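Q: Please take a close look at one part of this model. Which elements make it up, what packs against it, and how does it sit in the rest of the chain?

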Amino acid sequence: MENPAATLHCSNTRCQASNPQSNKFCQNCRTPLLRRYLWAIGQAIDSYKPGEVIAERYLLVAQRILLDTKPGMPPETPQDFPQGIMSYLRLSPYGLHVPKVYGCVTSMQQGPTPVIWLLEDGPIYESGIFRGTQTSDPEGQLLPELGSVWKGTPAIRQLNWLWQLATLWQPLSSEGVASSLLKPSLLRVEGSIIRFLELYPDTKQAPTLQQLGQLWLQLLPGADPLISGFFQTLCSQLQDKQIRDSEELVRLLDQALQDCGRSQSRTYQIFTRTDTGPSRSQNEDACYPPAAQLISASNNSSALAIVCDGIGGHEGGEVASHLAIDTLRQQIEKLTLNPNNWNPTTLTLELERAACAANDAISSKNDSEHRSDRQRMGTTLVMSQSYAHEIYITHVGDSRVYWVTRYNCHQVTVDDDLASREVRLGYNLYRGAVQQPSSGSLVQALGMAPSTTLHPTVQRFVMDEDCVFLLCSDGLSDNDRVEQYWHTEILPILSGHVDLPTAGARLIEIANTQNGHDNATIALVHCKLSPLGGSSQTTVSLPQLEAPTSSARVPTTVASATPSQMKTQQLPSKARTRHPWGLLLGIIVLLGLGGALAYVLIPHGWVASLLGAGSQPSTTPPSASPSPTVSPTPSASAVSTLEPSAVIQVTSSTIKRAEGGNTPLLLRQGLPPQDQLIVGVVPAGSILQVVTPSLDQQQRWLQLKVCSPGSRSSAQQPTPTKTPPTSPQTSVRQSPTASNPRPTSVVYRPVERGDGGWIRESDILQNINQSFTPTSAQTSTCVDPSPSVSPRSTPVPTQTP
């Protein structure tokens, strides 16, 4: 409902003029007016009526749907978040499906407590963009439910929807909101994308895949004939508990998508362009294919596009960006892409390895030229690679990829910067985090550290409609320029009114005139789909379950921004039908011998302190050799069993690596694959308390709580080494400024008292003070460990053994 008194302010921060709601462009600066619709959660919203303006800013246009009339101003951001809001923050990498928390409204009608929470990027129609609806003007209305549009939808899109739901099962389960997948009213669709209206918390009994199968069975009558047999069998397997986990469900849907994708033909057009910009003397960006060339690729050829934004100035960033592209091209050319032997997990890992190879090439050049700290050169990376019926997006840094369809424009990458990390850790809302001076500082980029600490993100997108992917450096994406201009500059490509070179030239012009502070580089990838004539494929093959004793499956990469899977693969599962008594007996004998040797060679006081045996020395004479079957084995493997409630002190803020060099001792938010989220660096002298060990005995991690942080100065500079610096740089690029347009270093914050997180046990054992005996004053700063999480830490899913 439109309120004549409510005006829409320009989103351009240099203008912010008020305009009538009927305007499409600002009457002052001609910037396209941004209409940002929000979904309100909280009971206080029910006390308002459509047409009212809340907090002199938010116009209630329909039940729980608000229009932000001042989108250029930051929203209200509280300091503390309830548990229900924390789930949205920790699931922010899945922003393509899960709405983001925009801010809150303090409802004065019910006191000063913020009780109305606002969600953005939700399933709400934007201004006239959505096509294919019978509603004449759906702006500001909710997208349709999945069940209402299921019937009559092509088979490949139906499979695509199911595949997205299956890939979301594990991350939503880890946050206790998997019940959202079982609420039909929350499942909305925007073209090929599943969007959640909001998240629904699980009850005491967690939902099961069997319940998911029961819900999907309701969709069976409307399934396309091409997949009806497959879908019916899949639902039966879910109900009968034959499908063991969500990974197997994703694998079965992957097979069906592969079969169904053969009935379509895909062609790609790629256009790149780069410009130095009005304020720079040299261009540190690089792109592939070469700039200003229009490249076409058929269904069976590879459509590769790369954009890199260099870091380190002339003879630094420029070198790094071009070196990255040359290395990536060489790695991609080595891949054997055979659609008939298609394996998405293998390709995902290969793309991660290609990014790591580019990282090592730049890092090695830094080391050979003795570059350190701010002198090290690096680059960001966004890369798209077509394969069969999918597009794979690889990402490191703050360059971005946008996915433009006839319905909307979505940013599909999550910046590797401090602001995004604060959101994932649950410390802040994104709109509040970006207001901080160092919010744009990068936490990783290619070339700044060895690949052992690099976590490239690889995402998969099923192509079931015409679309455009925009890869760009921050010279264009800064200040929301893509969000402001996509529907006027990129959307016409899909209708054929604008070609790629014209659109690319216009985007560079916008970057230079509306931003102008940096180099600007873009790559446009236009995908066109058409039915494949004469196809013999009439049905999709029935789902084939794997045998229970088969070797382990590598976790399937989810379609949203997820951590790297390359260094966090599951170990092969062991067959449980055999009883290797001989092997077990041999292990027992070896452990016994190791115990006897360690008892003689290792100082007893150190072993006792590590095992939490107390401060009393052992009364056993040194010459008395204990029986291997009675004493615990204080060997390297047994010494690592730090008990809960043990209080330890670290001696160094760095870890010595076998391959040479040092890396910071980092407290991480969770177990793999969440270990790339950093809480902070642990300074020397910090006192920590063991909360609980992980369940994985082959690569143990410890959950720790900071009782007393050490000297902050020790956390700022890693311990120097005699070799050229190859340790991971605890700092990467900051936001460009006039005085320092491309700095290259930001230090991880030291941990604070009360912080909680995880450290690999083998790393913490290197830095334990063997002679440390905690005093009563030191232990009083710690509380008894429990499964609950410290105030600044966030719950993490249990590591899969």
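A: What follows goes through one sheet, then its surroundings, then the rest of the chain.

The model is a predicted one, in which local features need pLDDT of at least 70 and side-chain atom pairs count only at pLDDT 80 or more, while totals for chains, interfaces and linings use all residues. Residues are numbered from 1 along each chain as its sequence is written, and side-chain values use heavy atoms, with hydrogens and water left out.

The part chosen is an open sheet of six strands, in the order 13-11-22-21-18-19, with antiparallel pairing. Strands, like helices, are DSSP runs numbered from the N terminus (E, at least two residues, for strands; H or I, at least four, for helices). Two strands pair if DSSP finds at least two bridges between them. Strand 13 (294-297) and strand 19 are the edges, each pairing on one side only. From one strand to the next, the twist averages 20 degrees. Axes here are lines fitted to C-alpha atoms, for helices over the stretch in contact, and angles between N-to-C directions run from 0 to 180 degrees.

Strand 11 (residues 264-275) is antiparallel to strand 13, with four bridges between the two, and antiparallel to strand 22, with twelve bridges. Phe-271 stands opposite Leu-294 in strand 13, and its bridge partner in strand 22 is Leu-524. Ile-270 is bridged to Ile-295 of strand 13. In a regular strand, side chains alternate between the two faces of the sheet. Ahead of strand 13, in the loop that follows strand 12 (285-288), lies Pro-289. The peptide bond from Tyr-288 to Pro-289 is cis, with omega near 0 degrees.

Two helices that pack on the sheet are helix 12 and helix 14. Helix 12 touches strand 18, strand 19 and strand 21, and its direction makes about 30 degrees with that of strand 18. Helix 14 touches strand 11, strand 13, strand 21 and strand 22 (520-531), at about 150 degrees to the direction of strand 22. A contact means heavy atoms within 4.5 Å.

Which residues of helix 12 (481-489) are buried? They are Arg-481, Val-482, Gln-484, Tyr-485, Trp-486 and Glu-489. Buried means under 20% relative accessible area, exposed means over 50%, and partly exposed is in between (1.4 Å probe, protein chains only). An α-helix has 3.6 residues a turn, so residues three or four places apart point the same way. The cover over the buried residues of helix 12 includes strand 18 (400-404), strand 19 (409-411) and strand 21 (467-472), together with helix 11 (474-477), helix 13 (491-495) and helix 14 (500-515). Asn-479 is in the loop between helix 11 and helix 12. Its phi is positive, about 65 degrees, although Asn-479 is not a glycine. Asn-479 counts as partly exposed because its relative accessibility is 47%.

The sheet belongs to a chain of 801 residues, of which 55% are buried. The chain has 20 helices and 30 strands. Its largest nonpolar core has 70 residues, and Leu-146, Trp-216, Phe-231, Leu-249 and Leu-253 have the most contacts inside it. Such a core is a set of buried Ala, Val, Leu, Ile, Met, Phe, Trp, Tyr and Cys residues joined through side-chain atoms within 4.5 Å. Helix 3 (residues 155-174) gives the largest share of this core, eleven residues. A second, separate core of 27 residues includes Ile-325, Leu-335, Cys-356 and Leu-454.

Elsewhere, Leu-425 lies in the loop between helix 9 (418-424) and helix 10 (430-433). This residue counts as buried because its relative accessible area is 2%. The C-alpha atom of Leu-425 is 8.9 Å from that of Met-86, although the two residues are 339 apart along the chain.

The count of disulfides is zero, a disulfide being a pair of cysteine sulfur atoms within 2.5 Å. For Cys-10, the nearest cysteine sulfur, in Cys-29, is 3.6 Å away. The sulfur of Cys-15 is 3.7 Å from that of Cys-26, its closest, and therefore too far for a bond.

As for confidence, pLDDT (the predictor's confidence in each residue, from 0 to 100) averages 80 over the chain, and 74% of the residues score at least 70. Residues 130-135 stay under 50, as do residues 716-746.
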